[in-house]
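Here are some exercises to work through with the model open beside you. Have a go at each task before you read its solution.

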Amino acid sequence: MKILLAGGAGYIGSHIALALLENGQDVVVMDNFDNSSPEAIMRVEEMTGQTVSLYEADVTNKKVTLAVFKKEKPDCVIHLAGLKAVGESIEQPIRYYRNNIDTTLTLLECMAKTGCKNIVFSSSATVYGEENAAPCHEKMPKGKCSNPYGWTKSMMEQILQDASVADKDMSVVLLRYFNPIGAHESGRIGENPRGIPNNLMPYVTQVAVGKRDKLTIFGDDYDTPDGTCLRDYIHIMDLAEGHLKAVDFCVENKGTEIINLGTGQPYSVLDIVKTFEKVNNIQVPYEIGPRRGGDLPAVYADVSKAEKVLGWKAKRTLADMCRDSWNWQKNNPEGYE
Ligand code: WQD
């Protein structure tokens, strides 16, 4: 099969590209390199000894995107193209809505024009909102998102679902990611955020490598066992392998299916810091700061549906995630630069 990864050169896309190639699939990547690097795809090619058809292109550009669909004729699209910084989305909501909704509409229009019926979408646990107590189950009604980034995910889910209602031959798989961390075991590809990291693990690794003085833990007065927030961290290679199963499911079925990708196991911010220090034998200086607006005390998945529907379950441990995140960071202190 040929899979088009829209926004495929980023952290998640590069690991999916690797897993697909290792599984014998053909991979096409479209990316504008806004928050990603062609170097990631070059390394994926080097690691697999295979070639990726790489297009430097903005998925909001319909003319260019349609030309790629016509030339490549993908069997399935994995839609990862979008802006994803929560704080930035609060400052620049219009840019977030314009970009993220636009990529989705453009992909759907190009799929309709060229007869591609299958799309797997990179959604987020954030769509459960604060109304739903963990563990989050796919049957729960979606909640109110705490920021525009989250709303774009929620709206894109709705758009994709509506498209599959109108076209009975379409297949849509909405994958709700929990907290992907870690890197490929080789340390050759990994997460490479621009500027100050928004997310916990890249901040931890940058403190460990000496690029930042200390981690600030956002609040230790939550109603959780150690007072810090609980999340469902999932190894990026487990997440990537979940996509292989999702693509198979997508091309074999019709309609819309919503599936959580997590481990189902909650860990606290302090669990992450302590495990990271222990498995890597390195100190991560930290201080306790105030809560961050919009953070929920506990977000983790009910993962029974992924196992039942996809036959997929995350295998890697928190120690694996911490070891592989550090392996990537220490071997690439400046990321891909
Ligand atoms: C995890 C925990 C923080 C940084 C967000 C989006 C989600 C997805 C992933 C993105 C929280 C704490 C963090 C720090 C800290 N989208 N923390 N100090 O908030 O669960 O999810 O990112 O692409 O949709 O909502 O992930 O990694 O930001 O935070 O104490 O410097 O770490 O408070 O408890 P989050 P995160």
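Before we start, one cut-off: buried means under 20% relative accessible area, exposed means over 50%, and partly exposed is in between. Keep in mind too that this is a predicted model.

**Exercise 1. Two positive phi values**

Task: find where lysine 73 and asparagine 281 sit, then decide for each whether the residue is buried or exposed.

Solution.
- Step 1: Start with lysine 73, which is in the loop between helix 3 (62-72) and strand 4 (76-79).
- Step 2: Check its backbone: lysine 73 is not a glycine, yet its phi is positive, at about 45°.
- Step 3: Lysine 73 has 60% relative accessibility, so it counts as exposed.
- Step 4: Now asparagine 281, in the loop between helix 9 and strand 13 (286-289). Its phi is positive as well, near 55°, and again the residue is something other than glycine.
- Step 5: With a relative accessible area of 72%, asparagine 281 is exposed.

**Exercise 2. The ligand and its shell**

Task: work out which residues come nearest to the ligand, and how much of its accessible area the protein covers.

Solution.
- Step 1: Pick out the shell. There are 19 residues around the ligand, and Asn199, Leu200, Thr216, Arg231 and Asp295 come nearest.
- Step 2: Sort the shell by character, and you get 9 nonpolar, 6 polar and 4 charged residues.
- Step 3: Ask which element gives the most. That's strand 8 (residues 215-218), with 4 residues.
- Step 4: Look for polar contacts. A backbone N or O atom of threonine 216 is 2.8 Å from a ligand nitrogen. Phenylalanine 218 has a polar backbone atom 2.9 Å from a ligand oxygen. From serine 124, a polar side-chain atom lies 2.9 Å from an oxygen of the ligand.
- Step 5: Finish with the cover: on its own the ligand has 690 Å² of accessible area, and the protein covers 88% of that.

**Exercise 3. Nonpolar cores**

Task: find the residues that touch the most other members of the largest nonpolar core, and say which helix gives this core its largest share.

Solution.
- Step 1: The largest core has 44 residues, and Leu5, Ile78 and Val120 touch the most other members.
- Step 2: Helix 8 (residues 236-252) supplies the largest share of this core, 9 residues.
- Step 3: Zoom in on leucine 5. Beyond its neighbours within four places in sequence, its contacts include Ile16, Leu20, Val28, Met30, Ile78 and Leu80.
- Step 4: Don't stop there: a second, separate core has 27 residues, among them Ile101, Ala163, Val172 and Ile258.

**Exercise 4. A loop with a cis peptide bond**

Task: locate the cis peptide bond, then explain what the side chain of asparagine 132 pairs with.

Solution.
- Step 1: The cis bond joins alanine 134 and proline 135, with omega at about 0°. Proline 135 is in the loop between strand 5 and helix 6.
- Step 2: Asparagine 132 lies in the loop between strand 5 (118-124) and helix 6 (148-166). Its relative accessible area is 14%, so asparagine 132 is buried.
- Step 3: Trace its polar side-chain atoms. One is 2.8 Å from the backbone oxygen of tyrosine 128, and the backbone oxygen of proline 141 lies 2.9 Å from a polar side-chain atom of asparagine 132.
- Step 4: Leaving aside neighbours within four places in sequence, asparagine 132 is in contact with Met140, Pro141, Lys142 and Gly143.

**Exercise 5. Three more residues to classify**

Task: decide whether threonine 224, proline 180 and glutamate 277 are buried or exposed, and list what they touch.

Solution.
- Step 1: Threonine 224 is in the loop between strand 8 and strand 9 (230-231). At 12% relative accessibility, it counts as buried.
- Step 2: A polar side-chain atom of threonine 224 is 3.0 Å from the backbone nitrogen of glycine 227. Past four places in sequence, threonine 224 contacts Leu230 and Pro297.
- Step 3: Proline 180, in strand 7 (residues 179-181), is buried at a relative accessible area of 19%. Outside its neighbours within four places, proline 180 touches Tyr11, Ile12, Ile234, Ile236 and Leu239.
- Step 4: Glutamate 277 lies in helix 9 (residues 269-280) and, at 16% relative accessibility, counts as buried. Not counting residues up to four places away, glutamate 277 touches Ile282, Gln283 and Val284.

Notes
Residues numbered from 1 in each chain as written. Predicted model: local features only at pLDDT ≥ 70, side-chain atom pairs only at ≥ 80, totals over all residues. Heavy atoms only, no water. Near = heavy atom within 4 Å. Polar contact = N/O pair within 3.5 Å; in protein donor to acceptor, adjacent residues only side chain to side chain. Areas by Shrake-Rupley, 256 points an atom, 1.4 Å probe, with all protein chains shown as cover. Helix = DSSP H or I, 4+ residues; strand = E, 2+ residues; numbered from the N terminus. Nonpolar A, V, L, I, M, F, W, Y, C, P; charged D, E, K, R; others polar. Core = buried A, V, L, I, M, F, W, Y, C linked by side-chain atoms within 4.5 Å. Buried < 20%, exposed > 50% of the residue type's maximum accessible area, 1.4 Å probe, protein only. Contact = heavy atoms within 4.5 Å.
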